[in-house]
Amino acid sequence: MKIYTSYYAKARKIPDDIIRISIAGKAPTGYTGIEYKKVAPKIGFFLEWKKNKDNAYYIEHYNTEVLASLNAKQVYLDLKRLSNGNDCVLLCYEKPTDFCHRHLVADWLSHELSIEVNEWSE
(Lines give C-alpha, C1' and ligand atoms only; values in the text may rest on other atoms or scores of the structure.)
Protein backbone atom coordinates (compact mmCIF):
# COMPACT_ATOMS: atom_id res chain seq x y z
CA MET A 1 0.00 0.00 0.00
CA LYS A 2 1.32 3.42 -0.97
CA ILE A 3 0.34 6.57 0.89
CA TYR A 4 0.12 9.90 -0.89
CA THR A 5 -0.90 13.38 0.20
CA SER A 6 -2.97 15.97 -1.63
CA TYR A 7 -5.65 18.59 -1.13
CA TYR A 8 -9.41 18.66 -1.58
CA ALA A 9 -9.39 20.91 -4.66
CA LYS A 10 -7.40 18.24 -6.52
CA ALA A 11 -9.30 15.21 -5.18
CA ARG A 12 -11.44 14.75 -8.31
CA LYS A 13 -8.32 14.33 -10.44
CA ILE A 14 -6.95 11.49 -8.31
CA PRO A 15 -7.64 8.05 -9.84
CA ASP A 16 -10.58 6.20 -8.32
CA ASP A 17 -8.39 3.29 -7.23
CA ILE A 18 -6.55 5.56 -4.79
CA ILE A 19 -8.72 5.85 -1.68
CA ARG A 20 -9.31 9.39 -0.43
CA ILE A 21 -8.95 9.90 3.33
CA SER A 22 -9.55 13.29 4.91
CA ILE A 23 -7.18 14.13 7.77
CA ALA A 24 -8.57 17.60 8.50
CA GLY A 25 -10.44 18.52 11.66
CA LYS A 26 -13.45 19.32 9.49
CA ALA A 27 -13.80 18.16 5.91
CA PRO A 28 -15.37 20.55 3.40
CA THR A 29 -19.10 20.54 2.82
CA GLY A 30 -19.90 17.94 0.23
CA TYR A 31 -16.97 15.66 1.04
CA THR A 32 -18.42 12.19 1.52
CA GLY A 33 -15.26 10.13 1.74
CA ILE A 34 -13.44 8.52 4.63
CA GLU A 35 -12.24 10.69 7.52
CA TYR A 36 -9.32 9.91 9.83
CA LYS A 37 -9.24 12.53 12.57
CA LYS A 38 -6.53 10.98 14.74
CA VAL A 39 -3.92 13.05 12.87
CA ALA A 40 -6.05 16.20 12.57
CA PRO A 41 -4.73 19.34 14.29
CA LYS A 42 -6.26 20.32 17.63
CA ILE A 43 -8.49 23.37 17.39
CA GLY A 44 -6.67 25.33 20.13
CA PHE A 45 -3.24 25.54 18.57
CA PHE A 46 -4.73 25.67 15.08
CA LEU A 47 -6.71 28.83 15.90
CA GLU A 48 -3.66 30.39 17.55
CA TRP A 49 -1.60 29.61 14.44
CA LYS A 50 -4.30 31.21 12.25
CA LYS A 51 -3.71 34.43 14.20
CA ASN A 52 0.10 34.41 14.43
CA LYS A 53 1.15 32.25 11.41
CA ASP A 54 4.06 31.01 13.53
CA ASN A 55 4.92 27.70 11.87
CA ALA A 56 7.43 26.73 14.58
CA TYR A 57 4.68 27.16 17.19
CA TYR A 58 2.34 24.98 15.12
CA ILE A 59 4.94 22.26 14.57
CA GLU A 60 5.82 22.13 18.27
CA HIS A 61 2.18 21.84 19.31
CA TYR A 62 1.29 19.41 16.54
CA ASN A 63 4.16 17.14 17.54
CA THR A 64 3.36 17.24 21.27
CA GLU A 65 -0.45 17.34 21.14
CA VAL A 66 -1.08 15.01 18.20
CA LEU A 67 1.84 12.89 17.01
CA ALA A 68 3.36 12.17 20.43
CA SER A 69 0.25 10.24 21.46
CA LEU A 70 0.18 8.13 18.30
CA ASN A 71 2.03 5.06 17.13
CA ALA A 72 3.07 5.35 13.48
CA LYS A 73 2.69 1.63 12.83
CA GLN A 74 -0.87 1.72 14.22
CA VAL A 75 -1.69 4.77 12.08
CA TYR A 76 -0.40 2.89 9.03
CA LEU A 77 -2.52 -0.14 9.95
CA ASP A 78 -5.57 2.10 10.46
CA LEU A 79 -5.06 3.65 7.02
CA LYS A 80 -4.57 0.20 5.49
CA ARG A 81 -7.83 -0.99 7.06
CA LEU A 82 -9.74 2.12 5.97
CA SER A 83 -8.48 1.76 2.40
CA ASN A 84 -8.93 -2.04 2.32
CA GLY A 85 -5.23 -2.36 1.56
CA ASN A 86 -5.42 -0.09 -1.48
CA ASP A 87 -3.20 2.92 -2.07
CA CYS A 88 -4.59 5.97 -0.29
CA VAL A 89 -4.24 9.72 -0.37
CA LEU A 90 -4.40 11.87 2.77
CA LEU A 91 -6.36 15.05 2.06
CA CYS A 92 -6.56 18.47 3.63
CA TYR A 93 -7.03 22.04 2.41
CA GLU A 94 -3.69 23.62 1.55
CA LYS A 95 -1.89 23.58 -1.77
CA PRO A 96 1.35 21.55 -1.92
CA THR A 97 3.57 24.60 -1.49
CA ASP A 98 1.67 25.92 1.55
CA PHE A 99 2.45 25.07 5.16
CA CYS A 100 0.20 22.17 6.14
CA HIS A 101 -0.06 19.41 8.72
CA ARG A 102 -0.29 16.75 5.99
CA HIS A 103 3.39 17.41 5.25
CA LEU A 104 4.16 16.85 8.94
CA VAL A 105 2.20 13.58 8.86
CA ALA A 106 4.01 12.49 5.69
CA ASP A 107 7.42 13.28 7.20
CA TRP A 108 6.51 11.52 10.45
CA LEU A 109 5.31 8.34 8.73
CA SER A 110 8.32 8.37 6.40
CA HIS A 111 10.75 8.75 9.28
CA GLU A 112 9.08 6.37 11.72
CA LEU A 113 8.33 3.59 9.22
CA SER A 114 11.01 4.09 6.57
CA ILE A 115 8.40 4.41 3.83
CA GLU A 116 7.89 6.95 1.11
CA VAL A 117 4.91 9.29 1.46
CA ASN A 118 4.80 11.68 -1.48
CA GLU A 119 2.47 14.37 -2.74
CA TRP A 120 0.25 12.87 -5.43
CA SER A 121 0.93 14.28 -8.87
CA GLU A 122 -0.77 13.62 -12.19
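Is W49 buried or exposed? Select W49 and you will find that it is buried, with a relative accessible area of 9%, where buried means under 20% relative accessible area, exposed means over 50% and partly exposed lies in between, for a 1.4 Å probe and protein chains only.

Before going further, note that this is a predicted model, in which local features need pLDDT of at least 70 and side-chain atom pairs count only at pLDDT 80 or more, while totals for chains, interfaces and linings use all residues. Residues are numbered from 1 along each chain as its sequence is written, and side-chain values use heavy atoms, with hydrogens and water left out.

**Around W49**

W49 is found in helix α1, residues 43–52; helices (H or I, at least four residues) and strands (E, at least two) are DSSP runs, numbered from the N terminus. Leaving out residues up to four places away in sequence, W49 touches D54, N55, Y57, Y58 and F99, a contact being heavy atoms within 4.5 Å. If you then select C88, which is 39 residues from W49 along the chain, the C-alpha atoms of the two are separated by 28 Å.

**From α1 to α2**

Next, show α1 together with helix α2 (residues 55–65), whose axes come within 9 Å and cross at roughly 175 degrees. Axes here are lines fitted to C-alpha atoms, for helices over the stretch in contact, and angles run from 0 to 180 degrees between N-to-C directions. The helices α1 and α2 are therefore roughly antiparallel to each other, since angles over 145 degrees count as roughly antiparallel, under 35 as roughly parallel, 65 to 115 as roughly perpendicular and the rest as oblique. To see where they meet, select F45, F46, E48, W49 and N52 in α1 with N55, Y57, Y58, H61, Y62 and E65 in α2. The residues of this contact divide into six nonpolar, three polar and two charged, where Ala, Val, Leu, Ile, Met, Phe, Trp, Tyr, Cys and Pro count as nonpolar, Asp, Glu, Lys and Arg as charged, and the others, Gly among them, as polar.

**On to α4 and α3**

Keep α2 on display and add helix α4, residues 101–113. The two helices α2 and α4 pack at an angle of about 50 degrees, with their axes 11 Å apart, and are therefore oblique to each other. Y58, I59 and Y62 in α2 meet H101, L104 and V105 in α4, and the residues of that contact divide into five nonpolar, one polar and no charged.

Now bring in helix α3, residues 72–82. The axes of α3 and α4 come within 9 Å and cross at roughly 115 degrees, and the two helices are therefore roughly perpendicular to each other. A72, K73, V75, Y76 and L79 in α3 meet W108, L109, E112 and L113 in α4, a contact whose residues divide into seven nonpolar, no polar and two charged.

**The sheet**

Follow α3 to the strands: the helix lies across β1, β2 (19–22), β3 and β4, running at about 130 degrees to β2. Together with β5, these strands form an open sheet of five strands in the order β3-β2-β4-β1-β5, with parallel pairing; two strands pair if DSSP finds at least two bridges between them. The edge strands are β3 (34–35) and β5 (117–119), each of which pairs on one side only.

Select β1 (residues 3–7), which is joined to the parallel strand β4 (residues 88–92) by five bridges, with S6 standing opposite L91. Three bridges join β1 to β5, and these strands also run parallel, with I3 opposite V117.

Why is β1 largely enclosed by the rest of the structure? Five of the five residues of β1 are buried, so the strand is largely enclosed. In a regular strand the side chains alternate between the two faces of the sheet. Both faces of β1 are covered, with I3, T5 and Y7 buried on one side and Y4 and S6 buried on the other.

**Two last residues**

Select T5, in strand β1, which is buried with a relative accessible area of 2%. Apart from its neighbours within four places in sequence, T5 is in contact with V89, L90, R102, A106, V117, N118, E119 and W120.

Finally, select I18, in the loop between β1 and β2, which counts as buried at 7% relative accessibility. Residues up to four places away in sequence aside, I18 touches Y4, D87, C88, V89 and W120.
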